[in-house]
Amino acid sequence: MTGLRVAHMMAGADAGGAELFFERLVAAQARAGDQVLALIRKNAARQARLQKVGVAPQVFTFGGPWDVWTKPLLARALRKFAPQVAVAWMGRAGSHAPRGDYVLAGRLGGQYDLARFAACDHLLANTETLKNWIVAQGFAENRTHVVPNFVDDHLGATAATLPVPAGCKTILALGRLHTNKGFDVLIAALTRLPKSVHAVIAGDGPERAALQTLAVRAGVADRVHFLGWRHDVANLLAACDVFVCSSRHEPLGNMVLDAFSAAKPIVAAMSDGPRELITPGKNGVLVAVDSAIALAAGIESVLDTPVMAAKIASNGRALFAQNFTEAAVVTAWRTTLLGLAKI
């Protein structure tokens, strides 16, 4: 298939699902032989990671409403690189993205303010559910496209050492410690599970202190382990018995794909992303959003039924292998973006 000349603009936070997928995609496209330009907000760690995989990012301010310099500087960099397609990731990059002699696409990972993508010719969603939402806001359906995410292949990773007593069962949860992620629901669910069940939460954020206080008040502080941000997701998954996504709001949930990749059974609240990815009883367990009772029951059903746990883990892995590997998703992105360049 013909190669692609693509520029990606990212002004996101230090950590997050969209930001980490941006890095994985840029690196994967470069490995696949595409010519890739990364235009990012200053972030030393992100710069180092991109440079390590052979992509030399260019750094811009991507400031607020009074930043009048970023757009013309981006325009100059894009003119010099001459991409077929330029992709603006999330709202801030969308606001600064200049028009030029290329197709301009906005990539959304959630229900963002579409006004920030006013300059874009096309919008890219990572799920059918999100595409439908974009179209419902009035954006043209023929200019709205679904291109999936991928995660690394985690199968066979060495198990991380976790602060969980020997002989206990381990629930793993990942993500920013924010109310959207529903970690408070997970802590409440833990009170309904046997004392031999521990929860390990890898992530950080504004709710950390409140969640730690909640665990103390609920009497499970000794069974909830906060690890902070970790980059050894594969090793954490290898060490757990069940993966839990308790999110109240989850447009996709890269973490669901991570669990599929690692062949781990998953219990998830039925927010948009997990509901689209999981077929209940086949490749995961779906429970009501914001219900500690339902979440505890779902976790217990997996822990108490090894045959079911093995079945949903195996089917999740099969879905990953079919649709969400690096090779499959890079091909989907290339096909989509080359198609946009011809419209």
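**A pocket and a buried strand**

In this predicted model, the second largest pocket is lined by N126, T127, E128, V146, P148, N149, L252, E276, L277, L319, N323 and F324. Two elements each give two or more residues to that lining, namely α10 (272–277) and α12 (306–323). The volume of the second largest pocket comes out at about 190 Å³. Sorted by class, its lining is a mix: six residues are nonpolar, four are polar and two are charged.

Now for strand β4, which covers residues 85–89. Five of its five residues are buried, so the strand is largely enclosed by the rest of the structure. The side chains split between two directions: V85, V87 and W89 point one way from β4, while A86 and A88 point the other way. Both sets are buried, with under 20% relative accessible area as the cut-off.

β4 also has strand partners. One of them is β1 (residues 5–10), which pairs with β4 in the parallel sense over five bridges. In this pairing, V6 stands opposite V85 of β4. Another is β5 (residues 103–108), and here too the pairing with β4 is parallel, over five bridges. A88 of β4 sits opposite G106 in β5. To get from β4 to β5, the chain passes through helix α4 (residues 90–96), and the resulting β-α-β crossover is right-handed.

Methods: Residues numbered from 1 in each chain as written. Predicted model: local features only at pLDDT ≥ 70, side-chain atom pairs only at ≥ 80, totals over all residues. Heavy atoms only, no water. 1 Å grid on protein atoms, 1.4 Å probe; cavity = no way out; pocket = protein on both sides within 12 Å on 5 of 7 lines; lining within 4 Å. Points joined across faces, edges and corners; volume = space filled by probe spheres on them. Helix = DSSP H or I, 4+ residues; strand = E, 2+ residues; numbered from the N terminus. Nonpolar A, V, L, I, M, F, W, Y, C, P; charged D, E, K, R; others polar. Buried < 20%, exposed > 50% of the residue type's maximum accessible area, 1.4 Å probe, protein only. Pairing = 2+ DSSP bridges. Right-handed = clockwise from strand over helix to strand, strands pointing away.
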